[in-house]
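New to this one? Take a slow look at the model below, and then we'll walk through it together.

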Amino acid sequence: MTEPWSTVDRLAAWIAAHHTLPPEQDVLLRVLKLSEEVGEVAEAVIGATGQNPRKGMSHTWQDVESELCDVIITAMVALRTLTPDAAEVFAGHLRRVAERSLEE
């Protein structure tokens, strides 16, 4: 297994070792966590552009980058929570998207 998937495996195991809910609920929470992270991206974009008059310029574009990375990590962990073959599932899906989108 290659990086970053070995790190994702370790993160998923760490989360699993600390959860107290049944596995089915744990999966749902991993997926719902994505919504929270996407909301943080939106908050950072609003803050980086100063679109909240009460808060002004409260974030930087580096904050947006960091929040986007959190979304990617959270999605990878959610996928790994659903299947032990997450790396292969993702690689196959990426290949199919590239084939249909990058056709010449």
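What should the 16 residues of helix α4 span at 1.5 Å a residue, and how far apart are its end C-alpha atoms? This is a predicted model, and in it the helix, residues 86–101, should span 22 Å because each residue counts for 1.5 Å. Its end C-alpha atoms sit 22 Å apart, so the two figures agree.

Staying with α4 for a moment, A86, A87 and G92 are the buried residues to look for. The cover over the buried residues of α4 includes α1 (5–18) and α3 (61–82).

Now zoom out. The chain has four helices and zero strands, so to speak a plain run of α-α-α-α when you read along the sequence. Of its 104 residues, 20% count as buried. As for contacts between residues at least 6 apart in sequence, 54% join residues at least 24 apart.

Here are some overall figures for the chain:

| Item | Value |
|---|---|
| Radius of gyration of the chain | 17 Å |
| Radius of gyration of a compact globule of 104 residues | near 13 Å |
| Box filled by the C-alpha atoms, along the principal axes | roughly 50 × 45 × 20 Å |
| Accessible surface of the chain | about 7400 Å² |

Carbon and sulfur atoms account for 62% of that accessible surface. And what about charge? The chain carries 9 positive and 17 negative charges, and the mean positions of the two sets are 3 Å apart.

Notes: Residues numbered from 1 in each chain as written. Predicted model: local features only at pLDDT ≥ 70, side-chain atom pairs only at ≥ 80, totals over all residues. Heavy atoms only, no water. Helix = DSSP H or I, 4+ residues; strand = E, 2+ residues; numbered from the N terminus. Rg over C-alpha atoms; globule rule 2.2 N^0.38 Å. Buried < 20%, exposed > 50% of the residue type's maximum accessible area, 1.4 Å probe, protein only. Contact = heavy atoms within 4.5 Å. Areas by Shrake-Rupley, 256 points an atom, 1.4 Å probe, with all protein chains shown as cover. Lys, Arg positive; Asp, Glu negative; His and termini not counted. Charge placed at Lys NZ, Arg CZ, Asp CG, Glu CD. Expected span 1.5 Å × (residues − 1).
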